[in-house]
2 protein chains.
Amino acid sequence: MFDLGELEKQIEDRIRTKQYAELRDLLSPLEAADIAALCEDLPEERIPIVFRLLPKELAAEVFVELDSDQQELLIRGFSNTELKEVLDELYLDDTVDIVEEMPAGVVKRILQHSDPEMRKGINEILKYPEDSAGSIMTTEFVDLQTDMTVEAALKRIRRTGLDKETINVCYCLDEGRHLLGVLTIRSLLLAEDDDVIADIMDRHFISVQTLDDQEEVARALSRYDFLALPVVDKEDRLVGIVTVDDAIDVLQEETTEDIEKMAAILPSDKPYLKTGIPETFRSRIPWLLLLMVSATFTGQIIAGFESALASTAILTAYIPMLMDTGGNCGSQASVSVIRGISLNEIEFSDLGRVIWKEVRVALACGAALAVCNFAKLMVVDRMIFHNPSVTVGVATVICLTMVCTVLCAKLVGCTLPMLAKRVGFDPAVMASPFITTIVDAISLLIYFRIATVVLGI
Amino acid sequence: MFDLGELEKQIEDRIRTKQYAELRDLLSPLEAADIAALCEDLPEERIPIVFRLLPKELAAEVFVELDSDQQELLIRGFSNTELKEVLDELYLDDTVDIVEEMPAGVVKRILQHSDPEMRKGINEILKYPEDSAGSIMTTEFVDLQTDMTVEAALKRIRRTGLDKETINVCYCLDEGRHLLGVLTIRSLLLAEDDDVIADIMDRHFISVQTLDDQEEVARALSRYDFLALPVVDKEDRLVGIVTVDDAIDVLQEETTEDIEKMAAILPSDKPYLKTGIPETFRSRIPWLLLLMVSATFTGQIIAGFESALASTAILTAYIPMLMDTGGNCGSQASVSVIRGISLNEIEFSDLGRVIWKEVRVALACGAALAVCNFAKLMVVDRMIFHNPSVTVGVATVICLTMVCTVLCAKLVGCTLPMLAKRVGFDPAVMASPFITTIVDAISLLIYFRIATVVLGI
C-alpha cells in the first residue's frame, strides 16, 4: 500500500536517462498489478522497454494485468521467440481471457506459438458460452488417483505442481476422469504418509456444470468459503476448476452491472475512463428515450386536469415534491429488494413477507412525512411566506396524497423486481428510474383525485 | 447446488417421527452454510435437536454460519461442557464475530469457557475499531523462522497446522516477530527439502496495518489475487492475517452499503428480511425527510412563475417529463462515477477528463432526446391528440430546455461525487436522489427562463 505517483516519476526519470539497471531494481520488488497500473500511465512507446526489463515470470504476470490495447501493442512488437516465452509462462485461463479480446490476426499468431496442449485447452474453453462456468475455468488442476498414498500424492504434486493454477485443492478421479472426491492440501499435509487418498478425501463435495452461470459459481465459492470449485461436464467428468480470485472478479463485475442497470445504464464491461464517447452514449440513450416517452403519461394526466389546476394554481407548486418523494420511496424499496435477490436473501416465496413489511414501513414513513409536511405547509409556506392560497384544505390534500403515494411507491418498488425475477427478467432493471416513472403517474392521479374530492374542484 | 426446499421437508419429517439416525445421515454430507440455511427456516425449538446430531467439527462450522439470534439461543441452551466443546472447534476470528453480537451475559460465559490463549486473542482483536483490518484478522497463522530448512518447515506445519485458519500462506519472522517474508505452501512444496526458508521466501510482500480500513484490505486482496494478507502493528510486528473468504464478505457488505446509500437509505448490516420495521423505518426516513424539504425549492420556483404558467398552461404538462429525464441523466453520470471511485478506477486528478467526457456524452444524449421529443411533440401531441397549444414555439422551449437540463444534470452528476470524495465525504451519498433534487430545481429554472425569452411571457 504505497503511493504509485511518486514511483511513476522515478520510473520516467530512469527511462529518460536510460538507467535501465536501476529501473529494473525499482520494478522487480513490485507486485504485477502495480507494475501494470504504472504502465497504463506511461507513454505507449515506453511500455515495451519496461516489459523487457522484467524477470520472465513477473513479465508474464504483468502482461496478464495489462489492458487489452496494451497487450495487443506488446504482442505486435514481440519477436516469435519473445511471444513464445511469454505464452509459456501464462496460465490457461489467462491466455483464454487475452485471446478473447484480440483481433483475429493476433489470435492466429498466439495459437501458432502456443504448444499443442495449450492450443487444445484454449480451443476447449473458447467453445463455452460467455458468462458460463466453462468460460472462466482453468484446466490446470492437480488430479490424484484414489488408490495413491499420501506420500505418493505429495510426490506427484511436487513434480507437477509448478504448472498448476493452484495446488491448494486437489481432485480425486477414477480412470474415466469422473470426480470422486476433493482433498485440500491442508488435509493432505496433516494426514499420515501411508494414509490412502480414498480414505481421507471428502466425498461430499459441491461441483458445478460447465454451462452454469458464472455468477452462481462465484456466489457458491463465496457462500462455502472455498478456494476453488470443480467444474464437471454432463457425464460428471471433471473438466476444470474455478479459483477464488476469478470468482471475486466475477462478483465485482456482476455487481457493477447490477448497479449500472439500476441507474438505467446498459451494462458495459470496460472501466468508466476507458469507455469511448459513442459507447457511453449507446449505453445510456436507450433507457433515457424509453423513460422520456413513458413520462408522456404524466403530461397527459396533468393536461387532463388543466381546468382543476387553473382554479387552484397552488397545487402545481407541490407536484415536484410529491413526485420526488414518491420516487425516493419507490427506489428505497426496489433497491433493497433487488440487492436481497442478488445476494440470495430473498426468494419469490417471500413475496408476502416483503409486501407486509413494506406496507408497515410505508405507513410509518408516510405518516411521519405527512405530519412534517403539514407543519411545514402551515408554518413556513402560509405564515412565514404569507401565501394565502395554502389553506388547511390544500395542506390536507397534499398530506393525504403523501401517505397514499408513499404506500403505492413502496408497494410498486418491492413487487416489480420480484415479479420480474419470477418471469425471468433481470430484477435490477426494475430500479429507481423505471419505478419513478410509474410512481410519478400514480402519484399525480392520486393527487388530482384527492384534490377533486376534498376541494370540490 | 441443489434445492433446499425438498430437503427441508424431509428433515421436518425425520424430526417429527424422531428418526434421528436417518436425520443425521441426511445432514452430515451437507455443507455448513446449507445446514445453517435449513436451520433458519426450522421452528426455534428444533434447532438444538439438529445441532446436537451433527459431528463436532461440522456443528462448529454450522454454528458460525447461523444468525446471531440463533447462536444466542443455542448458547443459552448449552451446558458448560457443550459450550466449551463448540468454542474449542471455532477459529479465533469467528469467535470474535460471535462475541461482538452477543449481550454482555453471554459474552461473559463465552470468555469463562474459552481457554486462556483464546481469551487473550479475543480481547486482543476486540480492542481494534470496527471496520479496521485488526477487527477482521485472525491470529491463527503459520509462522516460520528464516533459518529453517524446507523439511523442518513442513514438519512444523504438519505438527501445528490443524489449529491454523490457513496453511496456504506462511509467514517468516525474526525473533522480535517482525515480518521478514512470506512463503506460499506451493513454493514450499515445490522447493527442495534442504533449501533454507530465507533463500526461498518472498521478501517483497504487501502488508497492511491494524488500523487500515477493512475495505482497503479487501480491495488489496482482490487486486493482487492473494489468499491472505499479513497485518502488522506500528512496529512492523506481525499480529494477524486477513484471509480471502473474509475479504469477499467485506467486499459484499461494502457494496451493499454503497448501493443503499445510492438509494438514500442509511446502511444497515442485516439482511433485508431480518431487519425489523422500526429499524427499516429509521434507515429510510432521514433521507426522505431531508429530500422532501429540499424539494421545497422546486415548489418555490414554480410558485414564482405562476403567472407565466397561467398564461401558457400547457408548459405545466411537460414539467414531470423534463424533471424525470434530468434526474435519470444525473443518476447515470453519478452512479458511473461513484462505482468508478469505489473500484479505484477514478481519482480526483481525473476530474478534468471526467467532465470533458460527460460534456460530450451529454451533448450527444441531449441532442438525440431533443430531436425525438420535438418529433413526438409535433406528431403525437399536436397532430394526433389535436392539442393546438403545442405550438412550434412551445416545442422549441421544451427541446432547448431538454439539452440544457441534460448537460447540467450530467455535469452535476459527475462532479458532486468527486468533490464529495475530495473533502472526505462518502461519494455514494451523492447519488440519484440527492442529484435529482438539485437537477429538478436547475431544470425548472432553465425551463422558465427559456420560456420567458422564447415565448415572451
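**Exercise 1.** Describe the sheet formed by strands 4, 5 and 6 of chain A.

*Solution.* Step 1: in this predicted model, three strands of chain A make an open sheet, ordered 4-5-6 and with mixed pairing. Strands are DSSP runs of E with at least two residues, helices are runs of H or I with at least four, and both are numbered from the N terminus; two strands pair if DSSP finds at least two bridges between them.

Step 2: strand 4 (208-209) and strand 6 (238-243) of chain A are the edge strands, each pairing on one side only.

Step 3: helix 15 (residues 214-223) of chain A packs on the sheet and touches strand 4, strand 5 and strand 6 of chain A, where contact means heavy atoms within 4.5 Å. The direction of helix 15 makes about 140° with that of strand 5 of chain A; axes are lines fitted to C-alpha atoms, for helices over the stretch in contact, and angles run from 0 to 180 degrees between N-to-C directions.

**Exercise 2.** Determine how strand 5 of chain A is joined to strand 6 of chain A.

*Solution.* Step 1: strand 5 (residues 228-232) and strand 6 of chain A run antiparallel and are joined by five bridges. Step 2: A:V232 stands opposite A:L238 in strand 6 of chain A.

**Exercise 3.** Identify the relation between chain A and chain B.

*Solution.* Step 1: chain B is superposed on chain A by a rotation of 180° with 0.0 Å of shift along its axis (RMSD 0.1 Å), using least squares on the C-alpha atoms of residues with pLDDT of at least 70 in both. Step 2: this is the relation of a two-fold axis.

**Conventions.** Residues are numbered from 1 along each chain as its sequence is written, and chains are lettered from A in the order in which they are written. Local features need pLDDT (the predictor's confidence in each residue, from 0 to 100) of at least 70.

Technical notes. This is a predicted model: local features need pLDDT of at least 70, side-chain atom pairs count only at pLDDT 80 or more; totals for chains, interfaces and linings use all residues. Side-chain values use heavy atoms; hydrogens and water are left out.
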